[in-house]
Amino acid sequence: MRRIEIVGGGPAGLAAGLALVRSGVPVTVLEAGGYPRHRVCGEFIAGLRPSTVDALGLRPILGDARAHDSVTYVVRGRALRPYPLPATAWGISRHTLDQRLANAFSEAGGDLRTGTRADLAEAPPGRVFAAGRRRRGPLWVGLKVHVRAMALANDFEVHLGDRAYVGLSRTESGEVNACGLFGPQAAQERGLDLLLSYLRGSGLGGLADRIRAADPDLASFCATAAPLGDSRVGDTDGIWIGDACASIAPFTGNGLAMALQGAETALGPLRDYAAGLASWTEAVRRTAAGQRRRFRRRLLASWLLHPFLLQPVRQNILAGLVSARLLPFRGLYALVH
């Protein structure tokens, strides 16, 4: 069997590696960091189908994930009518998820090398990229903290501010994951104070007060700055999965599910390449075609809808549609998942 090398030990890279190793393929995963670690995104998982969970063998790893079945949008402190989610979403911290995946991959016989960087300019046959996002487009700021003693109005609260939105949902431990996307602001604070400053600067001062009063876990705070909307979906210069493939608008909650679906899409082509049943060129082509079928429509739809959650005037239109019961929530959900 030919060896597969995966650059990036996040959920997509580790899940793909785990499924391949369990089917007899030798796999090395190169990860620049270590475990456990907190990450900004991926703790509210919407649109993850049971077929993907089974294809990747993830049921034991996701067994205690918190089920979420409804969402409430909050516009400048005013809660709108709640909506049932068309399919159950799941809450699990990246601190837990990444560590479990890393342990499972190593225990299955995978070669996990932490603290190891790869040259992203080199793409030999057998190398899969699950890290290394291109830096195109304006930067957005992602900030996250876990909160221990916070009451929620619903399974999932989404607070809309000026060039910002914040999601609140529980993880497997019962802590609330408060994760937000913000347009860059002038701020000198660090840690939790940086998040609170961004919230107040976006007109979400009430939410900032709730978080400060609810025992935030300071060790869980993390931040990132990245462009959104960049995509390698359908590219035939290599196999790209996870964030290296595409980043969907975070309001969908579909980012981690899409990363795992990308790993699932690559499994068949990679197994055939490893077994000598297909060339690397053919494996790349098949993976790219599968990504186009699965992801292009939802990526386009999410970026057309994204401005309605960021700008006050459009937020008012959204609030009016919700109040008049004219928002086609199930149809919009289907478009972006």
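How close do the axes of H6 and helix H7 come, and at roughly what angle do they cross? Keep that in mind while you load the model, which is a predicted one.

**Stop one: H6 and H7**

Select residues 280-305 for H7 and 255-274 for H6. The two axes come within 8 Å and cross at roughly 160°. Angles over 145 degrees count as roughly antiparallel, so that is what H6 is to H7. Look along the pair and you'll find a right-handed crossing.

Now show side chains. On the H6 side, color Met258, Gln261, Gly262, Glu264, Thr265, Ala266, Gly268, Pro269, Leu270, Asp272 and Tyr273. Facing them from H7 are Trp280, Ala283, Arg286, Thr287, Gly290, Gln291, Arg294, Phe295, Arg298 and Leu299. Color this H6–H7 contact by class and you get nine nonpolar, seven polar and five charged residues.

**Stop two: H1 against H3**

Next, pick residues 11-22 (H1) and 94-107 (H3). Their axes come within 9 Å, crossing at roughly 25°. With angles under 35 degrees counted as roughly parallel, H1 is therefore roughly parallel to H3. The crossing here is left-handed.

From H1, select Pro11, Leu14, Ala15, Gly17, Leu18, Val21 and Arg22; they meet Arg94, Leu97, Asp98, Leu101, Ala102, Ala104 and Phe105 in H3. Class by class, the H1–H3 contact holds ten nonpolar residues, one polar and three charged.

**Stop three: H1 and what surrounds it**

Stay on H1 and check its length. Its twelve residues should span 16 Å at 1.5 Å a residue, and the C-alpha atoms at its ends are indeed 16 Å apart.

Then switch on a surface. Eleven of the twelve H1 residues are buried, so the helix is mostly covered. Among the buried ones are Ala12, Gly13, Ala16, Ala19 and Leu20. What does the covering? Bring up strand S1 (4-7), strand S2 (27-31), helix H2 (50-56), H3, strand S7 (111-114) and H6, which are included in the cover. H6 is thus back in view from the opening stop.

Before leaving, click Gly24, just after H1: its phi is positive, at about 95°.

**Last stop: Thr28**

Move on to Thr28, which sits in strand S2. Is this residue buried or exposed? Its relative accessible area is 4%, so Thr28 is buried. Leaving aside residues up to four places away in sequence, select what Thr28 touches: Arg3, Ile4, Glu5, Ile6, Asp111 and Arg113.

Methods: Residues are numbered from 1 along each chain as its sequence is written. This is a predicted model: local features need pLDDT of at least 70, side-chain atom pairs count only at pLDDT 80 or more; totals for chains, interfaces and linings use all residues. Side-chain values use heavy atoms; hydrogens and water are left out. Axes are lines fitted to C-alpha atoms, for helices over the stretch in contact, and angles run from 0 to 180 degrees between N-to-C directions. Helices (H or I, at least four residues) and strands (E, at least two) are DSSP runs, numbered from the N terminus. Angles under 35 degrees count as roughly parallel, over 145 as roughly antiparallel, 65 to 115 as roughly perpendicular and the rest as oblique. A crossing is left-handed if the near helix is turned anticlockwise from the far one by less than a right angle, and right-handed if clockwise. Contact means heavy atoms within 4.5 Å. Ala, Val, Leu, Ile, Met, Phe, Trp, Tyr, Cys and Pro count as nonpolar, Asp, Glu, Lys and Arg as charged, and the others, Gly among them, as polar. The expected span of a helix is 1.5 Å times one less than its number of residues. Buried means under 20% relative accessible area, exposed over 50%, partly exposed in between (1.4 Å probe, protein chains only).
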